Amino acid sequence: MAASFSISMILISAFLFISFASAARLLENQDPMLFKYHKGPLLTGKITVNLIWYGNFKPSQKAIISDFIASLSSSKSEAQPSVSTWWGAIEKYYHLIKSKKSSSLQLDVGNQISDEKCSLGKSLTMQQVQQLAAKGDQTNAINVVLTSADVAVEGFCSSRCGTHGSVASKTALLKGKNHSKFAYIWVGNSETQCPGQCAWPFHQPIYGPQSPPLVAPNNDVGLDGMVINLASLLAGTATNPFGNGYYQGPSDAPLEAASACPGVYAKGAYPGYAGDLLVDPTTGASYNANGVNGRKYLVPALLDPTTKSCSTLV
């Protein structure tokens with residue numbers, strides 16, 4: 001039996017069906033303890049992130065994603081603000097659990113598997129996505145399925161930009177109580193299918209307040225959009241891997257660490273405006289985090305579990 005939790009277009013893109021204001025009301029007007037810990041395990045220890053590439057991706061596109069994963073736990077001193085500093089904010093979730101105070105989470109790039117010929121076809125069900133995820137190592141790992149721009153996935157563009165969940169496995173060994181499951185993530189490249197939904201603010205939104213699209217920091221609207229969604233899903237996977245960790249709302253459609261802060265990337269954000277981001281003086285690209293190999297990325301705000309407010313790097 002599998003459980004999955006989606007990053008819907010409602011929460012990731014330009015406030016298509018819900019505004020930042022209404023999302024804020026969810027946090028402010030309801031019991032603030034509603035975003036809470038539900039007694040389940042978080043991911044801890046050294047976890048490898050295995051990448052399963054489904055469809056055609058250029059080496060330069062793969063490098064954007066793999067460099068992002070490497071940036072999460074990098075010990076190198078990148079320019080600030082950094083992706084590793086952003087990821088470090090996740091530690092607050094662990095510190096609130098008394099039995100987990102000494103625990104930490106480190107994500108590293110693991111194996112990469114390519115299925116360029118699309119062995120399951122170019123129209124996938126979520127069950128097939130989980131089948132692809134199972135190709136990766138299931139021991140202390142998160143298996144990330146990344147589908148190319150010409151691959152359709154059940155619910156993609158109509159209701160979600162990506163999803164994370166867990167799948168039962170006899171071989172999975174994640175540090176936590178659910179030793180019979182492994183965690184997975186799926187993110188699609190929306191460049192040709194729905195960039196206005198899943199790659200905002202690097203593409204003009206289809207609905208809601210209209211503003212000029214920002215320049216993507218890696219010069220690839222589809223892949224830079226994938227990074228945003230992947231970042232949000234990684235935060236959700238770490239803090240709510242099996243559906244009983246940190247979240248707000250119904251367990252089958254939870255607001256998690258990043259999805260509770262829709263469309264917020266910097267201070268001053270409001271519907272249709274991502275916030276006061278940094279701008280590269282050479283390329284004009286907007287970003288809020290530095291990564292390895294001179295990379296620049298846009299990562300979402302994270303909900304601070306102690307203040308119940310959205311926290312940004314800039």
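Which backbone nitrogen does the side chain of D115 reach? The side chain of D115 reaches the backbone nitrogen of C118, at 3.1 Å. The close-ups below start there.

This is a predicted model, in which local features need pLDDT of at least 70, side-chain atom pairs count only at pLDDT 80 or more, and totals for chains, interfaces and linings use all residues. Residues are numbered from 1 along each chain as its sequence is written, and side-chain values use heavy atoms, with hydrogens and water left out.

**View 1. The side chain of D115 meets the backbone of C118.**
D115 belongs to strand β4, residues 105-115. Helices (H or I, at least four residues) and strands (E, at least two) are DSSP runs, numbered from the N terminus. The side chain of D115 and the backbone nitrogen of C118 are 3.1 Å apart. A polar contact is a pair of N or O atoms within 3.5 Å; within protein, one must be able to donate a hydrogen and the other to accept it, and residues adjacent in sequence count only if both atoms are side-chain atoms. D115 is buried, at 10% relative accessibility. Buried means under 20% relative accessible area, exposed over 50%, and partly exposed in between (1.4 Å probe, protein chains only). Leaving aside residues up to four places away in sequence, D115 touches W53, Y54, G55, L132 and K135. Such a contact means heavy atoms within 4.5 Å.

**View 2. C118 and K39 have positive phi angles.**
Most residues other than glycine have a negative phi, and most peptide bonds are trans. C118 is not a glycine, yet its phi is positive, about 55 degrees. C118 sits in the loop between β4 and β5 (123-124). At 8% relative accessibility, C118 is buried. K39 is not a glycine either, and its phi is about 80 degrees. Look for K39 in the loop between β2 (36-37) and β3 (45-54). K39 is exposed, at 64% relative accessibility.

**View 3. Two peptide bonds that lead into prolines are cis.**
The bond from Q80 to P81 is cis, with omega near -5 degrees. P81 is in the loop between α3 (59-72) and α4 (83-88). The bond that joins W200 and P201 is also cis, and its omega is about 15 degrees. P201 is in the loop between α7 and α8 (221-239).

**View 4. A disulfide joins C157 to C194.**
A disulfide is a covalent bond between the sulfur atoms of two cysteines. Here the term is applied to a pair of cysteine sulfur atoms within 2.5 Å. A search of the whole structure finds three. In this one, the S to S distance is 2.0 Å. The link of C157 and C194 is left-handed, with -70 degrees about the S-S bond. C157 lies in the loop between β7 (152-153) and β8 (162-168), and C194 in the loop between β9 (181-188) and α7 (195-198), so the pair ties together parts 37 residues apart in sequence. Both C157 and C194 are buried.

**View 5. C161 and C198 form another disulfide.**
Their sulfur atoms are 2.1 Å apart. The torsion about the S-S bond is about -80 degrees, so this disulfide is left-handed. C161 is in the loop between β7 and β8, while C198 is in helix α7; the pair links distant parts of the chain, 37 residues apart. C161 is buried, at 0% relative accessibility. C198 is buried too, with a relative accessible area of 2%.

**View 6. A disulfide links C261 and C310.**
The two sulfur atoms are 2.2 Å apart. The link is left-handed, with -100 degrees about the S-S bond. C261 lies in the loop between β10 (246-247) and β11 (278-279), and C310 in strand β16 (residues 309-311), so the pair ties together parts 49 residues apart in sequence. Buried or partly exposed: which is C261, and which is C310? C261 is buried, with a relative accessible area of 2%. C310 is partly exposed, at 29% relative accessibility. Number the bonded cysteines of the protein chain in sequence order, and the pairing reads 1-3, 2-4, 5-6.

**View 7. Helix α6 has its buried residues on the same side.**
Helix α6 covers residues 126-133, and its buried residues are M126, V129, Q130, L132 and A133. They cover an arc of only 155 degrees around the axis, which puts them on the same side of α6. The arc is that of the directions from the helix axis to the C-beta atoms. L132 also appears in View 1, among the residues that D115 touches.
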